[in-house]
Amino acid sequence: MKKFLAVMMFALMLTTTARAAEFEMVEYSAQVKLQWLAAAGIPEAQKFLKTLERPVFFNAENLDDFERIKLTNSLYQELNFSAAMEFVREKNYSNVFDLACSLSPRAMILGDEGRRVVVGELQTVCLIGDWFVDEYGKKAKKNVNYDAFWLQDGYGMMKSADKFKGEICIIEQGVMIYLADDVRAQMYDNLRDVLKKHGGCLITSDFCQKEYFTNVAAALYGSDAPIIYDETKKMYENVFGDKIADDLQDEQEAMNFLKAHGLKAQKVPLFTKLPKLYVSSQLTPEQIQRVNELSVKTYLWFITAI
C-alpha cells in the first residue's frame, strides 16, 4: 500500500491544472469499469478493486435504479472482456495491443498465458497499471507493460507497436464514443499505420455500441432496455463531464468511415461457442438463455488495413 500511495503522489506531482482534470476523469472512468467487472464476479477484477482500497464509485445510495444498471453494465463489460480474450486465443495472437482499456485485468490474464501485451493508456492509468503488474507477479510481470500516449499521438502509438515482433491484435472497446470527430479520425489513421506496418487486426464493438448495449439490457429487463441505456449514458456523461457521441452507429456509415481511413471491417460473432460467464450466477435461467442467444450475434468488428 505504501508503494501505491507513493505512485499516486508521484502522479499528482506530475499534473498541472489541466492534468489534474485529466487524472480525475480517467481515474474515475477506469475505476467504474473495474467496478462492473468485479461485480460480475471476475476474480482478477475483484482482486484489483480490493488492491485499490477504495469504495466502489457508484452504489444504491448515489445512483437511481442502481441494481439494474449494475447488472446490465456488469454483463456488458464481461461480454466485451471475455469476447476479446477468446478472439485472441482462437486466432492464437502472440501480440496484443490493448488501447484505452483502463484498469482491466485482461492484460495480466493474457500475459500469464505467455502473450506479449502492451497497454496504451494515459499516464495516470499507466502509473497504477504498472504497479498492478508488479503486484500481480507470475508471467505477466515480464510480458505486460503500460505505455503512456494519447490515441491521436501517432508517434507514441507506433513507438509502442514497434515493441512487438509479428502480427498484432489491437483491442479497442468503449473509447471511440467519447472522442471528438478530429481525435477519432486521427486515431484511426494511426491504427491504420500500425496495421500496415505490423499486420494483424483491430477488434472493437464501438461501431454498434448503442444497439449492442440496449440488447444486453433487453436480455435482462425486456422492454425497459432503452431506459437503462439512457440511465447508463447519463451516468458516464456525469463521470466524464462530457456528452457521449451516438453517431457512427449506422453500419454503412461506419464502413464508409473506415474505408476513408484505409481500413475495412467484417462483422463476426462475439463468441464462436457459448461463453462461460461469471455473471451467469446472478441470472435466471431465462436470462441466461437470452444472453446465450445474444453472445453469438455479430457485434464484434474485425478490422484490417486495406
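The following dialogue works through selected features of a predicted model.

Trainee: How many helices and strands does the protein chain have, and what share of its residues is buried?

Mentor: The predicted chain has 13 helices and seven strands. Of its 306 residues, 56% are buried. Among contacts with a separation of 6 or more, 77% join residues 24 or more positions apart. The chain exposes about 13,500 Å², and carbon and sulfur atoms supply 53% of that area.

Trainee: In what order do the strands stand in the sheet?

Mentor: Seven strands form an open sheet, and their order is β3-β2-β1-β4-β5-β7-β6, with mixed pairing. At the edges stand β3 (144-148) and β6 (263-268); each has a single partner strand, so one side of each is left without a neighbour in the sheet. On average, neighbouring strands of this sheet are turned by 25 degrees against each other, direction ignored.

Trainee: Which residues of neighbouring strands stand opposite one another, for example C169 in relation to β5?

Mentor: Let us go from pair to pair. Strand β1 (residues 95-99) pairs with β2 (residues 116-121) in the parallel sense over five bridges, and here V96 has V117 as its bridge partner. Strand β1 is also joined to β4 by four bridges, and these two strands run parallel. In that pairing, the bridge partner of D98 is I171. Next, β4 and β5 pair in the parallel sense, again over four bridges, and C169 stands opposite C201.

Trainee: What lies between β4 and β5 along the chain in the β-α-β unit, and which hand does the unit have?

Mentor: The helix of this unit is α9 (residues 181-198), and β4, α9 and β5 together make a right-handed β-α-β unit.

Trainee: How should one read the two faces of a strand?

Mentor: In a regular strand, side chains alternate between the two faces of the sheet. Strand β4 illustrates how each face can be examined: I168, I170 and E172 are on one side, while C169 and I171 are on the other. Every one of these residues is buried, and both faces of β4 are therefore covered. Five of the five residues in β4 are buried.

Trainee: Which helices lie across the strands, and at what angles do they run?

Mentor: Helix α4 (residues 66-91) lies across β1, β4 (168-172), β5 (200-204) and β7 (300-305), and runs at about 170 degrees to β4. Helix α12 (residues 251-260) lies across β6 and β7, at about 145 degrees to β6.

Trainee: How does one recognise the buried side of a helix?

Mentor: An α-helix has 3.6 residues a turn, so residues three or four places apart point the same way. In α12, the buried residues are A254, F257 and L258. They cover an arc of only 95 degrees around the axis, which puts them on the same side of α12. K259 and A260, on the other side of α12, are exposed.

Trainee: Against which elements do the buried residues of α12 pack?

Mentor: They pack against α9, β6 and β7.

Trainee: Which residues of α3 are buried?

Mentor: In helix α3 (residues 43-52), the buried residues are A45, F48, L49 and L52. Their arc around the axis is only 100 degrees, which puts them on the same side of α3. Following α3 is E53, whose phi is positive, near 55 degrees.

Trainee: Where do D65 and N92 lie, and are they buried, partly exposed or exposed?

Mentor: D65 is found in the loop between α3 and α4. Although not a glycine, D65 has a positive phi of about 60 degrees. With a relative accessible area of 25%, D65 is partly exposed. N92 lies in the loop between α4 and β1, and its phi is near 55 degrees, a positive value in a residue other than glycine. N92 is exposed, because its relative accessible area is 54% and the cut-off for exposed is over 50%.

Trainee: Is T232 buried or exposed, and with which residues is it in contact?

Mentor: T232 lies in helix α11 (residues 225-240). T232 is buried, because its relative accessible area is 5% and buried means under 20%. Leaving aside neighbours within four places in sequence, T232 is in contact with I69, N73 and F213.

Note on methods. Residues numbered from 1 in each chain as written. Predicted model: local features only at pLDDT ≥ 70, side-chain atom pairs only at ≥ 80, totals over all residues. Heavy atoms only, no water. Pairing = 2+ DSSP bridges. Axes fitted to C-alpha atoms, helices over the stretch in contact; angles between N-to-C directions. Contact = heavy atoms within 4.5 Å. Buried < 20%, exposed > 50% of the residue type's maximum accessible area, 1.4 Å probe, protein only. Areas by Shrake-Rupley, 256 points an atom, 1.4 Å probe, with all protein chains shown as cover. Arc of directions from axis to C-beta. Right-handed = clockwise from strand over helix to strand, strands pointing away.
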